[in-house]
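Biologist: I have a model open and want to learn how to read it. Can we go through it feature by feature?
Modeller: Gladly. Here it is.

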Amino acid sequence: MGFLALLVAIWAVASRSGDRFLFPGPDDVAMALRDNVRSGLLPRAVGRSLARLAVGYSVSLVVGVALGVALARVRWVKDTLGAVVLGLQAIPSVCWLPLALLWFGLGEMAIQVVVVLGSLLSITLATESAVNTIPPLLVRAARTMGAKGARLWLRVILPAALPGIVSGARLGWTFAWRSLLAGELLFISGGLGQVLELGRELHDMALVLGVMVVIVALGLASDHLLFGGLERRVRRSWGLDRA
Amino acid sequence: MEPLIALRGVTKSWGGAGSALALAPVDLEIGEGQFVCLCGPSGCGKTTLLNLIAGLESPTSGAVTVRGAAVRGPGPERTVMFQESALFPWLTVQRNVEFPLEMAGVPAAERARRVERYLKMVHLWRSRDAHPHELSGGMRQRAAMARALVGEPSILLMDEPFAALDAQTRDVLHGELERIWLETRKTVVFVTHNVREAARLGDRVVMMGTRPGRITRDLAVKLSRPREANDQDVTTLAAVIERELKIEIEKVIREELDDAWTPAGGGLPGAAGRDLGGGI
């Protein structure tokens with residue numbers, strides 16, 4: 001916290017010595033933020049972005065975990081989709097945007113495609129490796145205790161893989177967030193990315209920096225609230241971290 | 001009378017047909033209530049034999065039967081304890097011990113009663129809410145023992161369950177296992193490479209050799225119980241078993257190292273007159 005205050009102080013001093021217009025200080029940025037919160041522009045944009053993220057990320061999580069499990073345990077899925085998944089991972093998510101725009105038009109569907117494709121594969125690969133690295137002894141022991149079929153999956157394999165799946169989900173979240181902002185910045189109306197673009201068009205550097213501060217704050221907050229505690233709790237009760 | 005467990009002409013090879021046998025044709029009968037130790041050097045197939053009885057592996061040829069019925073996969077009347085506890089790290093000790101009962105569909109009230117009984121039997125009732133990683137190695141094996149017993153199987157299969165523990169903890173757990181066995185009279189098949197452990201625990205010690213894995217000797221142990229690790233009789237018996245196994249163990253070492261290795265005490269080959277006074 002103290003370190004953060006120091007950074008803001010350095011920023012304030014630095015902005016005084018330069019061009020206030022191109023390099024506004026923390027006070028200008030705070031003012032821009034206040035104005036745009038009051039006008040409702042920022043809250044609306046944040047709400048819009050988070051709603052999009054929630055939809056796209058949920059799809060990614062469900063499909064990604066299912067696909068990862070299938071890749072790890074079903075031979076023919078690995079043989080067919082395995083190479084495709086690895087190959088597609090090489091494509092930065094925003095590169096899907098032109099294709100998505102042509103297919104789905106300038107709308108919600110296109111941005112969801114970008115968000116899903118941006119985060120799905122990292123969740124898939126993390127889940128696959130989590131399931132693959134389960135100690136085989138646990139599965140053998142479970143079988144001697146009469147666990148098989150769906151119950152072996154739900155009660156043993158998925159819980160055993162959970163720490164890895166949670167790490168993958170966390171990674172997927174940051175990828176989804178980045179894909180969303182890139183998409184919004186480039187083409188799609190509404191959302192934080194567009195406010196950023198608006199700031200550039202109006203030469204309102206205070207607004208541009210303000211939105212960037214909001215992006216950082218949201219990223220940190222969501223990572224902490226959604227995943228920080230969850231990951232720590234899982235790792236601790238799985239015995240992966242010493243309490 | 002039909003023995004509880006019977007293996008007839010059982011072989012196992014890991015490759016396809018025609019590859020080397022990990023287990024030569026083995027015949028073995030184990031009667032109800034016996035405590036049988038399978039003892040031999042690494043690579044003799046003792047763990048494979050145990051896994052065949054457990055139903056975790058299937059024989060290449062021959063038949064494994066329990067109460068006359070062929071073994072097809074694992075079953076609740078045969079539980080297994082491994083060298084590592086194989087407890088589920090995400091469950092507490094209590095939930096771990098409850099797990100096989102849940103799989104068997106035992107009602108909740110009965111589950112609670114049984115879990116309490118067996119956790120008290122292994123003296124872990126006070127640690128019931130701990131997670132496995134909070135326990136010592138010995139406590140984890142106690143929990144694994146409770147989990148193996150809680151379903152009240154007729155056969156308990158143990159694959160070097162105490163091999164990773166320090167000597168003192170192992171001694172204590174030998175005593176506990178013997179006490180529990182005397183109390184419950186399960187049929188126990190206990191795999192070990194430790195001859196003292198075999199002599200300390202078994203009613204019967206089945207010795208095995210390598211290349212291919214096979215039974216070399218089947219020794220009945222007629223010592224009274226409870227036994228002590230330092231009983232003269234146990235020590236003597238361990239020495240007997242060790243001597244028997246030595247030939248097999250040397251065979252393994254010779255293959256793992258090279259031909260230059262010579263067994264201790266053998267002197268120099270063809271050099272009886274040049275032993276540098278070793279016999280003084």
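Biologist: Which strands make up the open sheet of six strands in chain B, and in what order?

Modeller: First, a caution: this is a predicted model. Now the general idea. Strands of a sheet pair through backbone hydrogen bonds, either parallel or antiparallel. In this case the order across the sheet is E6-E7-E8-E3-E9-E10 of chain B, and the pairing is mixed.

Biologist: Which strands are at the edges of that sheet?

Modeller: Look for strands that pair on one side only. Here they are E6 and E10 (214–220) of chain B. Check the twist as well. Ignoring direction, neighbouring strands of this sheet are turned by 20 degrees against each other on average.

Biologist: In which sense do E3(B) and E8(B) pair, parallel or antiparallel?

Modeller: Parallel, over five bridges; E8(B) covers residues 187–192. To find the register, pick one residue and look across. B:Cys39 stands opposite B:Thr192 in E8(B).

Biologist: How many bridges join E3(B) to E9(B)?

Modeller: Four, and these two strands also run parallel. E9(B) spans residues 204–209. For a landmark, B:Leu38 has B:Val206 in E9(B) as its bridge partner.

Biologist: And how do E9(B) and E10(B) run, parallel or antiparallel?

Modeller: Antiparallel, with six bridges between them. On this pair, B:Val205 stands opposite B:Leu219 in E10(B).

Biologist: Why is E3(B) largely enclosed by the rest of the structure?

Modeller: Count its buried residues. Strand E3 (residues 35–39) of chain B has five of five buried, so the rest of the structure largely encloses it. Then split the strand by face. One side carries B:Phe35, B:Cys37 and B:Cys39, the other B:Val36 and B:Leu38. All of these are buried, so both faces are covered, in keeping with the largely enclosed strand.

Biologist: What is the strand order in the open sheet of four strands?

Modeller: E2-E1-E4-E5 of chain B, with antiparallel pairing. Strand E2 (21–30) and strand E5 (69–70) of chain B are at the edges with a single partner strand each, so one side of each has no neighbour in the sheet. Now take an inner pair. E1 (residues 5–13) and E4 (residues 61–66) of chain B pair in the antiparallel sense over five bridges. B:Leu7 has B:Val64 in E4(B) as its bridge partner.

Biologist: Where do the domains of chain B fall along the sequence?

Modeller: A domain need not be one continuous stretch, as this chain shows: domain 1 of chain B takes in 33–61, 72–77 and 155–259. Domain 2 of chain B is 86–152. Their C-alpha centres lie 25 Å apart. The contact takes 11 residues from domain 1 of chain B and nine residues from domain 2 of chain B.

Biologist: Which element gives the most to the domain 1 side of that contact?

Modeller: Helix H5 (residues 167–184) of chain B, with five residues. Next, ask about chemistry. The side of domain 1 of chain B that touches domain 2 of chain B has eight nonpolar, two polar and one charged residues.

Biologist: How many residues of chain B are in contact with chain A?

Modeller: 19 residues of chain B, which meet 15 residues of chain A. On the chain B side, strand E6 (78–81) and helix H2 (93–103) of chain B are the elements that give two or more residues. H2(B) has the largest share, three residues. By class, this side of chain B has 15 nonpolar, three polar and one charged residues.

Biologist: How many helices and strands does chain A have?

Modeller: 10 helices and zero strands. Its C-alpha trace spans about 70 × 50 × 30 Å along the principal axes. Of its 243 residues, 38% count as buried. Then check how far apart in sequence the partners are. Among the contacts in chain A with a separation of 6 or more, 73% join residues 24 or more positions apart.

Biologist: Which elements of chain B have the lowest and the highest mean pLDDT?

Modeller: Where pLDDT is low, the predicted coordinates should not be read in detail. Helix H7 (residues 232–256) of chain B has the lowest mean among the elements, 77, and H2(B) the highest, 92. Chain B averages 82, with 89% of the residues scoring at least 70. For the model, ipTM is 0.78 and pTM is 0.77.

Methods: Residues numbered from 1 in each chain as written. Chains lettered and ligands numbered in written order. Predicted model: local features only at pLDDT ≥ 70, side-chain atom pairs only at ≥ 80, totals over all residues. Buried ≥ 20, exposed ≤ 12 C-beta atoms within 10 Å, placed from the backbone. Pairing = 2+ DSSP bridges. Contact = placed C-beta atoms within 7 Å. Nonpolar A, V, L, I, M, F, W, Y, C, P; charged D, E, K, R; others polar. Domains from an automatic or database assignment. pLDDT = per-residue confidence, 0-100. Axes fitted to C-alpha atoms, helices over the stretch in contact; angles between N-to-C directions.
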